[in-house]
Every structure is written in structure tokens, then in C-alpha cells.
Amino acid sequence: MIKSRAAVAFAPNQPLQIVEVDVAPPKAGEVLVRIVATGVCHTDAYTLSGADSEGVFPCILGHEGGGIVEAVGEGVTSLAVGDHVIPLYTAECRECKFCKSGKTNLCQKVRATQGKGLMPDGTSRFSYNGQPIYHYMGCSTFSEYTVLPEISLAKIPKDAPLEKVCLLGCGVTTGIGAVLNTAKVEEGATVAIFGLGGIGLAAIIGAKMAKASRIIAIDINPEKFTVARELGATDFVNPKEHSKPIQDVIVEMTDGGVDYSFECVGNVDLMRAALECCHKGWGESVIIGVAPAGTEIKTRPFQLVTGRVWRGSAFGGVKGRTELPSYVEKAQKGEIPLDTFITHTMGLDDINKAFDLMHEGKSIRSVVHY
Ligand code: NAD
Ligand code: AHE
Ligand code: ZN
Ligand code: ZN
């Protein structure tokens, strides 16, 4: 057992408590990682709010980290002590039906236990005062030390700054990947992006990389438009400034609708708007936002009959162990401006501030340094 400082979510809707937890050594196929830095994603806030059907408490949240391998369990071959890694909430075993399909990044090897807040053997490596604490999304990066399956870690070059490339563990990769892998936006296409947080702004980068001709940035917080413009958005729409449905506004702006749209908020009404602002015959809408348990999407089936397509994207369709190193390389070359996303940094003791800033609409990403 080692001691680790961690921000524990003891119950939904309560501030995280910074305590010293016990971390058990990695079992076979597992790796102990010292987290150097972690971003705070809206999904952490979503689970903390109690709206996540898979949310279990007490748990250690966090899934956007960067760290260094501290110890490896029996049989671990692809990683060694000292390697730099990014935890993956979407594992890549390379041998399950999903990994072998060539059609998805959604490896299922450890997904069932991960969704229950447990390691693949059905137990937790974390405890506090002798009581087990649940893992989260297979990552739990809000603990200085965490244990993950070997297949849930992407090895990255040692010269990549962990306090920046941690953002590639979720938000930035998700937004870029949704545009390039899921939608496969082509040169000259028109794109609408709903929600300009870490995910939506990264989707703008993806759209720019794909050479989209028009990138329409939509948010109810106009303060987000400055960075959106910096990253390449061409048009800016605040739904609060329009009396008609926002899909109608976008359809009028684009001679019938956009080629691609991305919902990066997690609001089912906005998901409908994002679908319905797509062009008849071919427009495709990608749902990235995570909506609360119990909510459902709706539209007239006619929208789909007349050629619009509704898709979803998890972690941008990216296979983490294989593809994440190339994202790190792009960030290293300056092709992915991670600094633009990091509006705040703080120590673990101040992690609750990161949630406040997110809810107040003041941050893009807060990065916690251990
Ligand atoms: P964020 O809080 O940083 O950003 C959300 C943005 O949406 C804010 O700028 C906010 O002002 C805007 N917004 C809120 N309501 C709006 C509305 N009605 N119309 C337009 N804009 C609105 O969040 P984030 O970290 O960027 O995450 C966005 C969503 O993506 C969340 O639901 C998160 O859970 C989800 N997510 C999904 C994946 C995935 O793999 N599918 C990965 C990461 C995050
Ligand atoms: N437990 C949640 C699942 C939410 C969800 O869809 N998560 C995304 C990643 S969000 C990262 O910020 C995802 O990868 N989904 C695919 C998967 O296998 O979970 C709920 O709502 O039930
Ligand atoms: Zn996330
Ligand atoms: Zn797999």
C-alpha cells in the first residue's frame, strides 16, 4: 500500500475532499501511475452532479491526465517504470471483437467493470480508512497515484510536457477526432459547432485542419467567441440573440443548412437543433455532449428520411494506444495549440475552484498540478 493525496467525491453534489487515500499495488496486467497533471472536463462535473447513471460514490473522479509509470504488475510488457503515459478511458486491447472490427474505437475488454468503478478483477485499488473508494472511467486522475489496466495507457514521448498534453486524454482529442475520424469532414464543407468549451473549441481546430470553408460557432456565452475566432471559426451565433429556433437561423445563413454539425454541450434540445440545421439530403450531425440519465433525443423521422444523418462520437473515435502519440506529436509541432485551452492552473487543494470556474463559464480548461 502507498499513500496518495486525492480529491475524493464522497457523495453527489458535494465539494471534493482532499484526503490521503491508500493505493494497493498493481495486480497482473495493471500499472501504477504517478499523475503529474490533470485537466477537469465537464464530464467530471456531470458525474459529480449525480446525473450519470454509472456514477458511484465515494469515488475518485478525473480522466484527463498525464503521468509517469511508477510500478508495473506481473505480465505487463508494453510499459516500464519511468515511461510517460496518458490514461485512456477508452482502452485498446487489440484483441476484442470491437478492436478487431476496424469500425470502432470502443474496446469492450474492461468496459463493464470500468462502468462499475472497479478494476477488471472486480475490486478497487483505492481505500480510505479501510473502506473501498471507487475508480472512475478507469482513470481516477484526481489522485496523485492511480492504478490502470496496461491496455488503458498510451505511451508518449518523454519530452512532451505532461501538464499540457494531459488535455489530449479527453477534451482536445475528442473534439478534433469527432471532426476528422467520425464525421470525416472534407475540404470546403460547412460546419456548425454547438458549445464552445474544451470540446467545441477542439472541434473548431479539427474543422480548420479539414479545411472547412465555413465554421459556425454557437454558444450562449459570447465570451467564448474570442478564442473561437482565434482558432478559425468564421461565424458566431448566440441563440439568446434570436427569437426563432436556432436551427432556422443556421439554415437561413447557409442556403439550406450545414454539411456537418457537432453538439458539444450535452443538451437534448440542442442535439435536435444540431440535427435539424443540417442540409437536406446529406447533412450529418455528430453528438459528442453527454446528456443526463433518463433524457432522450427526438426529431421528426422525416428529418432522417430526407437524408440527414445522426451519429455519436466517443473520444473522437480515437484508438488511444495506437493513435494518441500522433496527437502528442502534433501538439509538439504547434499544430494543436494546447496553451489556448489552459485558462487556469491550480494545485490539488484548489480543485473545487476548477468546477466553480467551469460552471461560471470563466474557464476553458483548468489544469491541476500535483
Ligand atoms: P464546457 O462546460 O467546457 O463547455 C460547454 C459549453 O457549452 C460552454 O461554453 C457553454 O456556455 C455552452 N452551452 C451551454 N448551454 C448551451 C446552449 N444551450 N447553447 C449553446 N451553448 C451552450 O464542457 P466541455 O468540457 O467542453 O464538454 C462538453 C460536453 O461534451 C459535455 O457534455 C461533456 O460531458 C461532453 N464530452 C463528451 C466526450 C465524448 O467522448 N463524447 C468527451 C468529453 C466531453
Ligand atoms: N457513464 C456515462 C457515459 C457517458 C459517456 O458517454 N462518456 C463518453 C466519454 S465522456 C468523456 O468526457 C464515452 O466515452 N462514452 C462511451 C463509453 O463507453 O462510455 C453515462 O451517461 O452513462
Ligand atoms: Zn472528458
Ligand atoms: Zn479491445
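These legends walk through a set of close-up views of one predicted model.

**View 1. Two domains side by side.**
Start with the overall split, which comes from a domain assignment: domain 1 takes in 2-169 + 337-369, and domain 2 covers 172-314. Their C-alpha centres sit 28 Å apart. Where the two domains touch, 17 residues of domain 1 are in contact with 15 residues of domain 2. On the domain 1 side of that contact, the elements giving two or more residues are α1 and α12 (338-341). Sort that side by class and you get nine nonpolar, six polar and two charged residues.

**View 2. What the UniProt record marks out.**
An unreviewed UniProt entry carries the annotation "domain: Enoyl reductase (ER)" for residues 11-368. Find the two ends of that span in the model, and you'll see that their C-alpha atoms lie 21 Å apart. Helix makes up 28% of the span, and strand makes up 22%.

**View 3. The surroundings of ligand 1.**
Here we zoom in on ligand 1, which has 33 residues around it. H42, G195, G197, G266 and V290 are the closest of these. Three elements each give two or more residues to the shell: α1 (42-48), α5 (171-183) and α6 (198-209). By class, the shell has 17 nonpolar, 14 polar and two charged residues. So where does ligand 1 lie with respect to domain 1 and domain 2? Both domains give residues to its shell, so ligand 1 lies between them.

**View 4. The surroundings of ligand 2.**
Now for ligand 2 and its own ring of neighbours. Among the residues around ligand 2 are C41, T43, D52, S53, E54 and T90. Further along the chain, L106, R111, C170, V290, A314 and F315 also belong to this shell. Split by class, the shell around ligand 2 has six nonpolar, three polar and three charged residues. If V290 rings a bell, that's because V290 is listed around ligand 2 and is also one of the closest residues to ligand 1.

**View 5. A six-stranded parallel sheet.**
Follow the strands across this open sheet and you'll read the order β12-β11-β10-β13-β14-β15, with parallel pairing. Why does one side of β12 (235-237) and one side of β15 (309-312) lack a neighbour in the sheet? Both strands stand at the edges with a single partner strand each, so nothing in the sheet pairs with their other side. On average, neighbouring strands here are turned by 20° against each other, ignoring direction. For a closer look at one pair, check β14 (residues 284-287) and β15, which run parallel and are joined by four bridges. Within that pair, I287 has G312 of β15 as its bridge partner.

**View 6. Helices lying across the parallel sheet.**
Two helices are worth picking out here. Helix α8 (residues 246-253) lies across β10 (190-194), β11 (214-218) and β12, and runs at about 160° to β12. Helix α9 (residues 268-276) lies across β10, β13 (260-263), β14 and β15. Against β13, α9 runs at about 175°.

**View 7. A four-stranded antiparallel sheet.**
This open sheet has the strand order β1-β2-β6-β7, and its pairing is antiparallel. β1 (2-8) and β7 are the edge strands with a single partner each, so one side of each has no neighbour in the sheet. Neighbouring strands of this sheet are turned by 45° against each other on average, direction ignored. In the middle of the order, β2 (residues 17-23) and β6 (residues 126-128) pair through two bridges. Look for V23, which stands opposite F126 in β6.

**View 8. Two backbone details in loops.**
Our last stop is the backbone itself. Which kind of peptide bond joins F57 and P58? It's a cis bond, with omega at about -5°. You'll find P58 in the loop between α1 and β4 (64-72). The other detail is S140, a residue other than glycine with a positive phi, near 50°. S140 belongs to the loop between β7 (131-133) and β8 (145-149).

Definitions and conventions: Residues numbered from 1 in each chain as written. Chains lettered and ligands numbered in written order. Predicted model: local features only at pLDDT ≥ 70, side-chain atom pairs only at ≥ 80, totals over all residues. Near = placed C-beta within 6 Å. Nonpolar A, V, L, I, M, F, W, Y, C, P; charged D, E, K, R; others polar. Domains from an automatic or database assignment. UniProt positions renumbered as here; feature names shortened; annotations may be inferred. Pairing = 2+ DSSP bridges. Axes fitted to C-alpha atoms, helices over the stretch in contact; angles between N-to-C directions. Contact = placed C-beta atoms within 7 Å.
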